[in-house]
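I sat down with this one to look up a few residues, two sheets and the charge pairs. My notes follow in the order I took them.

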Amino acid sequence: MKRIFTISGLVLLCFLFINTAFAQNATIKGKVTDATTGETLIGVSVSVKGTSNGTQTDVNGAYSLTAPSTATLTFTYIGYATQEIPVGGNTNIDVKMLAKASELQQVVVIGYGTQRKVDNTGSVSSVKGTEISKQASTNPLSALQGKVSGVTITNNGTPGSSPQISIRGLGTVYGNVSPLFVVDGTWYSDISFLNNNDIENVTILKDASSTAIYGIRAANGVVLITTKHGVRGKPVINYNGYAGWQSATNQVKMANANEYATAVNELVTYNNHNAGPDDQHPPVFADPNSYGKGTDWYGQILRNAFVTNHQVSLSGGTEKTTYDFSFGYLDQDGLVRNNNYQRYTLHASNDFTVAKILKIGYTANGVYSYSKDIPGGIFHQLYAASPTLPVFYNDGKYGDPADYGTGSGNNFNPEATLDFTNHRTVNHRLTGDVHADLSILKNLKFRTSFGGDIGQIEERGFTPIFAATAAQNSTKTNLNVEHTETHNWIWENTLTYDYKYKDHKLTALAGYSAQNDRSYQLKANADGVPYMSSGNLITSFPAGAPVTYTFDPTLQIHNRTLSQFGRINYSFQDKYLLNASIRHDGASQFYPNAYGYFPSIGAGWVVTNESFMKDQHIFDNLKLRGSWGRVGNSVVPINPSKQTVSADPYLTAIFGNPQVPTQGASINTVVPPITVWEKAVATDFGLEAGFLNNKLSLEADYYNRKTEDAIFAIPILASVGTNSGSIIGNQATIQNKGFEFSLTWKDQPSHDFSYSISGNVGVNHNKVLTVQSGKNPIYSGGNGIANGNLATRTVVGEPIGEFYGYRVTGVFQTAAQVAASNQKTAQPGDFIYADINGDKQIDTRDRVVLGDPNPKISYGFNTAFTYKAFDLAIDMQGVADVDVYNANLGDRFGNENFTQDFYTHRWHGAGTSNTYPSANIGANDNSKPNSFFVESGAYFRVRNAQLGYTLPGVSLKKYGVQKIRFYVNAQNAINIFGYHGFTPEIGGGVGNMGIDNEVYPLFATYNFGVNVTF
């Protein structure tokens, strides 16, 4: 009996041992992804709780390890909440990790390196590449719209165009207003060569503490972009592509033929009122009602445009080398028929571990683009063309405005303009860098990099012999070519020293940089050039062709820069932070005043690391920070300190006997003897906080930036005798100050469901503080403004480029009302202007501020949801407290068409309207810049909405597929605004910002796409 119990006990122990052994040897596999974006996470630590058994996820986010069925797996990753999941007998465990919104230990990209967010004292915002690649934007900047507080993006509908970007307001007038772009360490003025899918991360440096390390070019902010590099692991092939269509948003409705004919006849009546007996004209249209709806010119020329984008990438690596290669293709039709843009991109990066202490590598980005361009002025023609004009007559000839007597204002047929335009633009560009990292000592590293930007743009326009209408014809061919080349390089060397001792952490950086920027442009044209083919116009002129070359000295640029810089980051007990940097730049374009110093200092206090905060339960983290710095701007026209002279035919003089013509010359402009840098001096105070286990994060900033010694054009008297009526020099101080807020909530209520909701808002006030000439204003803004009038001014105490003109108080209803007014030459239906100074007459002294094209408020609202295999992302954005000028309404020289809105609300008899004028809106006095043309530019937009579904990976692996994700996407599908145009999102140069004239309309994009990973 005893033996039986002994044997039974041994059997039981054996079974227990066997079960335990099997449990210990069970293989657990799975995949770890970001709960919000679905992006695979590489390098996640996966361990068996309570043991030393663990592993890390590979390049695909996959892991594999052995563990007992009763064990608990722990998943940890920097910047993400740690998760513990019981095995429970499962052999496949996929995990979705939730990022900690305010995790202070996460690493952020800064100038010439990286830094823990807890150690950063500046205002820095980051956007992951996955958020950019999800959008159907053809330019990475467009995808940033509404993502970052204080950053304003203004898009344009032209295929292949780059949007305008402003960081914390407009701080310069004379030069480039865009920020500096740094891609993998190399400096650029734009990033149109990048494919969205090649971007790993975008970091925006907004305050002087962060940007001063780039002194010479940092006055408008800095955008750091890291492209994708390979990681160790087996090769991964990824395909991402979509196809869809684009359509104009909020298309403007124009008056139809009946309405147009009625309004034109009314206009004849008004013109006869001011004409003498011998200048009276009969109505243009005998029977307006006989024309029906007529031609819808927008419908004739605009279209739903096809767009498709594809990219294939290959990445991977070994212990010694990593690689990432990709090829992309974009084909985008424009809203205007025949308009098309095609782009091919190539990205390549390799990194090699030559030795334990030495790593070398390179990054290269190539782009080739080809576009069929639109005719100049086509959007004015579509707006102004007569709807009574047929596109073609029954015999196939073009409808001719001369047959209808509508005058010179719209003496064109837009179809003929489009059909006989042959303009092409070809762009070749190669960018990149080679670099090496050497570990000299344990804590001392040396890095050298050489980057370059080589580009060539060629624009070619060919005019054939044709006869379309009386005004649209050519009796000879013409070929014009515009050739631009760019050759830039930058060589940078840095030493970085990291030191840690007990509670002290110190990182010191020293660097040396040399840059060379060179570009030139040449224009040429000749008549009588034969036409070769529609797809390949000749690139050279035939022998003997009478070629005329145009050489603009201001477009021939050769700038050289030498710089030395340094920075110290210090942290004590992770509580007290100090950052100080200085850069010494020398730029050839400012010779002999070539050198400048750009210092900065920042400090921070991590309050939650103090002992007195240990027992509080409100803040998970709380950091206060402040910074001050000076940065520069060298991106201004060439050699502003040099006086230029030009020779023109009208300056020819006749001397001697016999008389001989002698070429004369004139000084172009008066230049002050000393020109110095534009300098932006800025302070920033910020707060970063996390609540509720870091599910809720808050970041707030106050900033005050002054651009001192701003290079400015100031009017001078014509008696000085120069071609230009202005002086160029350091004339002004411009201020931008405001607040920025961002709030984010991230949570994962269950294993299958996670979400994030974030919002941001930026408030900016722009003002010219001082101008050397005092209150003497600078007038500009003549784009589309009739009769040489200017619609904007810049003056002390006001924002740059504010709208300026007459204030409309009503519309004259009767002749008696006109006779009793201060506008004796007016007639019923004209605007009534306010007599601001009360002198009983209306003149230029009665002009007032009408609006501000600089947006005071910009905001964004972004959401992301995942439930099992489904994901949904909705992004919204908008601007407020901003104005636009609708120059289309007054850009009239005759019988141009009217919008449906204007026709419906126009004055056409006493009592019919006291806000809209008569059809005589193009008259000299009515077309002057006034408050009627200024409208609110505020808008709210659903910027992007995307719904995706990822097929289960287990069912795909037998086909060699890691993941397939299908998605549908809508961009700019919902737009809410009150502006009477295509869109209130209107850019423009300084002084012409916000003026709507000849603006390519924005579009909504609807597409379907797929992402496949092998």
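**Entry 1: K523**

I started with K523, which sits in strand β27, residues 504–527. Worth keeping in mind for this and every later entry: the model is a predicted one.

Is K523 buried, exposed or in between? I got a relative accessible area of 33% for K523, so I wrote it down as partly exposed. I then listed the contacts of K523, skipping neighbours within four places in sequence: V481, E482, T548, Y549 and T550. I also checked K523 against N53, which is 470 residues away along the chain. Their C-alpha atoms are separated by 70 Å.

**Entry 2: Y859**

Next I went to Y859, in strand β47, which covers residues 857–867. Y859 comes out at 26% relative accessibility, so I filed this tyrosine as partly exposed.

How far is Y859 from Q145 in space, C-alpha to C-alpha? I read off 9.2 Å, for two residues that are 714 apart in sequence. Leaving out residues up to four places away in sequence, I found Y859 touching G146, N760, V761, M876, Q877, G878, V879, Y939 and F940. Y939 from that list turned up again in the polar contacts: its backbone oxygen lies 3.3 Å from a polar atom of the Y859 side chain.

**Entry 3: K96**

K96 is in strand β7, residues 95–97. I looked for a charge partner and came back empty-handed: K96 is buried but has no salt bridge. What is the nearest side chain of opposite charge to K96? I found D752, at 5.6 Å. The cut-off for a salt bridge is 4 Å, so a pair at that distance doesn't count.

The K96 side chain does have a polar atom 2.6 Å from the backbone oxygen of K868. Outside four places in sequence, I have K96 in contact with T33, A35, Q83, Q748, H751, D752, Y867 and K868.

**Entry 4: the four-stranded sheet**

Q83 from the K96 contact list took me to a sheet, as Q83 in β6 stands opposite F75. Strand β5, residues 72–76, is joined to β6 by four bridges, and the two run antiparallel.

I then traced the whole sheet: it is open, has four strands in the order β3-β2-β5-β6, and pairs antiparallel. Which strands stand at its edges? I noted β3 (54–56) and β6 (83–86), each with a single partner strand, so one side of each has no neighbour in the sheet. On average, neighbouring strands here are turned by 20° against each other, ignoring direction.

**Entry 5: the five-stranded sheet**

I also traced an open sheet of five strands, in the order β10-β15-β16-β13-β14, and its pairing is mixed. The edges are β10 (124–128) and β14 (186–188), which pair on one side only. The average turn between neighbouring strands of this sheet is 20°, direction ignored.

I picked out one pairing here: β13 (residues 180–183) and β16 (residues 222–227) go in the parallel sense over four bridges. L180 has V222 in β16 as its bridge partner.

**Entry 6: salt bridges**

How many salt bridges does a search of the whole structure find? I got 37, and wrote up three.

- D574 and R116 form one, with their closest N and O atoms 2.7 Å apart. D574 is in the loop between β29 (557–572) and β30 (576–587) and R116 is in strand β9 (residues 113–116), so this pair ties together parts 458 residues apart in sequence.
- D684 and R168 form another, at 3.0 Å between the closest N and O atoms. D684 lies in strand β37 (residues 678–691) and R168 in the loop between β12 (164–167) and β13, so the parts tied together are 516 residues apart in sequence. I have both D684 and R168 down as buried.
- K575 pairs with E610 in a salt bridge, the closest N and O atoms being 3.6 Å apart. K575 is in the loop between β29 and β30, and E610 in the loop between β31 (595–606) and β32 (621–633), so the pair links parts 35 residues apart in sequence. At 14% relative accessibility K575 counts as buried, and E610 counts as buried at 7%.

Last, I followed salt bridges that share partners and ended up with one network made of K117, R168, K206, K623, R625, D684, E688, E699, D701 and E740.

Note on methods: Residues are numbered from 1 along each chain as its sequence is written. This is a predicted model: local features need pLDDT of at least 70, side-chain atom pairs count only at pLDDT 80 or more; totals for chains, interfaces and linings use all residues. Side-chain values use heavy atoms; hydrogens and water are left out. Two strands pair if DSSP finds at least two bridges between them. Axes are lines fitted to C-alpha atoms, for helices over the stretch in contact, and angles run from 0 to 180 degrees between N-to-C directions. Buried means under 20% relative accessible area, exposed over 50%, partly exposed in between (1.4 Å probe, protein chains only). Lys and Arg count as positive and Asp and Glu as negative; His and the chain ends are not counted. A polar contact is a pair of N or O atoms within 3.5 Å; within protein, one must be able to donate a hydrogen and the other to accept it, and residues adjacent in sequence count only if both atoms are side-chain atoms. Contact means heavy atoms within 4.5 Å.
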